[in-house]
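Hello,

Here is the structure I said I would pass on. Please look through it first; my notes follow below.

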Amino acid sequence: MAQTNKAAEVPLEAFNPNNFDNSANVDNKWFPLQPGTQLVYKGFTEEDEKRVPHRVVQTVTDLTKVVNGVRTAVVWDVDYKTAR
């Protein structure tokens, strides 16, 4: 019995940059991207079967960039790996 890929049957909407209103100002209460905001994610990764501390720091800058016709906020991500 042949299987069909349901996701392939759903047509994608054409991208329209006009659907975004002042997108560089992200004031969502659950994920605000106000300049100066810094999010730090700490955890572990595995290298050569050893558990290694790992940290990702995201800093919201006051810069913006136009991507596909939409002005967006620039977030600087730094991925740290701590050697033992």
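**What was found**

Among contacts in the protein between residues at least 6 apart in sequence, 36% join residues at least 24 apart. Please keep in mind that this is a predicted model.

**Overall layout**

The protein has one helix and three strands, and their order along the sequence is α-β-β-β. Of its 84 residues, 10% count as buried. The exposed area comes to about 7600 Å², with carbon and sulfur atoms supplying 51% of it.

**The sheet**

The three strands make an open sheet in the order 1-2-3, and the pairing is antiparallel. At the edges are strand 1 (38-47) and strand 3 (70-81), each of which pairs on one side only. On average, neighbouring strands of this sheet are turned by 30° against each other, direction ignored. As background, strands of a sheet pair through backbone hydrogen bonds, either parallel or antiparallel.

Strand 1 pairs with strand 2 (residues 50-67) over 10 bridges, in the antiparallel sense. Two places to look at in this pairing are Y41, which stands opposite V56 in strand 2, and V40, whose bridge partner in strand 2 is V57. Strand 2 also pairs with strand 3, again in the antiparallel sense, over 11 bridges. Here V67 has V70 of strand 3 as its bridge partner.

**The two hairpins**

The hairpin of strand 1 and strand 2 has two residues between the strands, and D48 takes a positive phi near 50° there. D48 is a residue other than glycine, and it is found in the loop between strand 1 and strand 2. With a relative accessible area of 74%, D48 is exposed. E49 lies in the loop between strand 1 and strand 2 as well. E49 is not a glycine either, yet its phi is positive, at about 65°. Its relative accessible area is 75%, so E49 counts as exposed.

The hairpin of strand 2 and strand 3 also has two residues between the strands, and in this hairpin N68 has a positive phi near 50°.

**A residue in strand 2**

Is T59, in strand 2, buried or exposed? T59 counts as buried because its relative accessibility is 19%, and the cut-off for buried is under 20%. Leaving aside residues up to four places away in sequence, T59 touches T37, Q38, V74, V75 and W76. Of these, Q38 falls within strand 1 (38-47), while V74, V75 and W76 fall within strand 3 (70-81). T59 and V40 are 19 residues apart along the chain, and their C-alpha atoms are separated by 8.7 Å.

**A nonpolar patch**

Which residues make the nonpolar surface patch of about 420 Å²? The patch is made by W30, F31 and Y41. F31 lies in the loop between helix 1 (6-9) and strand 1. Its relative accessibility is 40%, so F31 counts as partly exposed. Y41 has been mentioned already, as the residue opposite V56 in strand 2.

**Where to start**

If you open the model for a quick look, the sheet with its order 1-2-3 is one place to begin. The loop that holds D48 and E49 could come next, followed by the patch of W30, F31 and Y41.

Regards

Technical notes
Residues are numbered from 1 along each chain as its sequence is written. This is a predicted model: local features need pLDDT of at least 70, side-chain atom pairs count only at pLDDT 80 or more; totals for chains, interfaces and linings use all residues. Side-chain values use heavy atoms; hydrogens and water are left out. Helices (H or I, at least four residues) and strands (E, at least two) are DSSP runs, numbered from the N terminus. Buried means under 20% relative accessible area, exposed over 50%, partly exposed in between (1.4 Å probe, protein chains only). Contact means heavy atoms within 4.5 Å. Accessible areas come from the Shrake-Rupley method with a 1.4 Å probe; for residues, only the protein chains shown count as cover. Two strands pair if DSSP finds at least two bridges between them. Axes are lines fitted to C-alpha atoms, for helices over the stretch in contact, and angles run from 0 to 180 degrees between N-to-C directions. Patches are made of residues with over 30% relative accessible area and no salt bridge: like charges are joined within 9 Å, nonpolar side chains (Val, Leu, Ile, Met, Phe, Trp, Tyr) within 5 Å. A salt bridge is a side-chain nitrogen of Lys or Arg within 4 Å of a carboxyl oxygen of Asp or Glu.
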